[in-house]
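I opened the model today to look up how the chain is folded and what one of its helices looks like. My entries follow in the order in which I looked.

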Amino acid sequence: MAAPLTVLVDKTPLLGPTIDTGMRIGWMLRMARLVAGEGRFDRLEDMAAVVETNVTALHRIETGQARRGVVVDAYERALGLPAGALRAPTDVMCRHFGNGPVDRDPGQVVDTAAGLSALTDLVLDGEPDGSEWLTWARAMSQPFALGLPHRLAVPLVGRLARELGRSQGRAYPIRHEALALLRRSGYGPVVLEAVQEIVSDPHAQMVTGVLSVLAEDASPEAALWLAQQLHVPRMQLFVSATIALEKMALISPDPDFWVQLVDLIAAAYESTEPGTPHWECLSHLMRLIPPEDRRRLGDWQPPHPPAPLGIETLRAASEPESGVWQECVERARRVCREVGIAYQPMLARLLFDAAFGPYDVRAYATFALLSGLPTITVPLHEQIAEIATHHHDPGVVLRARARLSGSRLGSIPRAARGWVDHENPQHREVGMILLGAAGEKLPEPHTERALRGDLAGANAALQGLGLAGDQRLRDIVADETHPELVRHNAAWWLRAGSRVVDDTDHVAR
């Protein structure tokens, strides 16, 4: 009889400065083997034989003690997953949080003139999916591959960046990793140029992904540009810049990362009004700045107190018997029962980070980690939607709802289907976005009401219509009774196109 599997637990404090990256990526690979393998690889020995390694080595990988990119690639092939479905989240987690195992065998990349030419022809003339973009980016991000002329690199990188913004399901993390590799390579300035061009359009939507990619290289130039976006009165832009700066500070090796930014952030905070999203974003950034860097502001005092964090509720979660933690455990148990696997303590921790925790970067890294495990992530999203619908703490509802709207699942949880009729306008807005992200048609009366209301509601309706490729956008552009800004934003969606999903993604499809 085989020995029982080691229970994988992230024992770092819930609100601590870091997470156990190795344990999380090992858990993801084990779950892929047990769930996506459909019983073919329940024994570690069976997977070891297929990926051509020994059981001991594979056990070390699945328990987060070792990392070999070639083995992760072999898991994808054995499980019938698209290239990058597991490798992209693995590399992202290790790069962002810095404490994962070193990749001892990342594998070969295309390194011949003929191979690079074939890959470039594919992305130039074809319709590449996420895996093909990633293969191309891996090759082009190598030091020897800096031969692509600027006139060809700019439109290619721009096309990938524009696709990333609209991507749903697995299409998103794989394209994000492709663009991130280019950002960290000699083509990094080209990525910055492409992102700045996208954002320069005052009607551009869905910029969170491309701004996130900028954070992959914490250059002073990019950090300063992101901080300048905090002064732009476009909600999606300053929210995205806030998340990107949090991520950039996490990645940056520079202990003085915040020094050049404190004056800009303080000035942006002075222009906020309590109760607004702008105030909440700037409050979050002010908390992230180390006290020694804040002292550079001298006698400066904020004009009003920062947005409450609800930290007392979260601090209590670190107690084993706290209500928040017990809710995470119980909801994780429900997911495991639905999937048909033993209870996974790691899933409770991931649920906490995704729905309750104060760190946006950890939440979205969790969604990326789970993107290769649709059998698990779909019921987990149901639990997050229930939290955002029924939780007694308004702060938790706000956080869970916002996280769900940016999760890029590509399908809509059952609990969120009724949000378009919700009494809360923010629930209605996210409900429309989620319907569009799933490729579903928005109901007519709700859409018309949102378009005739405030800008936040109108943009949410346009995002839902745009992602779904709804032809009503043409009518909106032509209807002069709509505000000019709404018509121009609708025209942007007609130029940009609808959501991007890959054929291999049966959830987003």
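I began with contacts (heavy atoms within 4.5 Å), and among those in the protein chain with a separation of 6 or more, 69% join residues 24 or more positions apart. I note that this is a predicted model, in which local features need pLDDT of at least 70 and side-chain atom pairs count only at pLDDT 80 or more, while totals for chains, interfaces and linings use all residues. Residues are numbered from 1 along each chain as its sequence is written, and side-chain values use heavy atoms, with hydrogens and water left out.

Next I looked up the overall form: the radius of gyration, taken over C-alpha atoms, is 22 Å, which agrees with the value near 23 Å for a compact globule of 509 residues (the rule being 2.2 Å times the number of residues to the power 0.38). The C-alpha trace spans about 70 × 60 × 55 Å along its principal axes.

For secondary structure I found 27 helices and 0 strands in the protein chain, taken as DSSP runs (H or I, at least four residues, for helices; E, at least two, for strands) and numbered from the N terminus.

Buried residues (under 20% relative accessible area, 1.4 Å probe, protein chains only) make up 57% of the 509 residues.

I then turned to helix α19, residues 345–356. Of its 12 residues 11 are buried, so α19 is largely enclosed by the rest of the structure; I listed the buried ones, including Arg349 and Asp353 as well as Leu350, Leu351 and Phe352.

Notes:
Buried < 20%, exposed > 50% of the residue type's maximum accessible area, 1.4 Å probe, protein only. Expected span 1.5 Å × (residues − 1).
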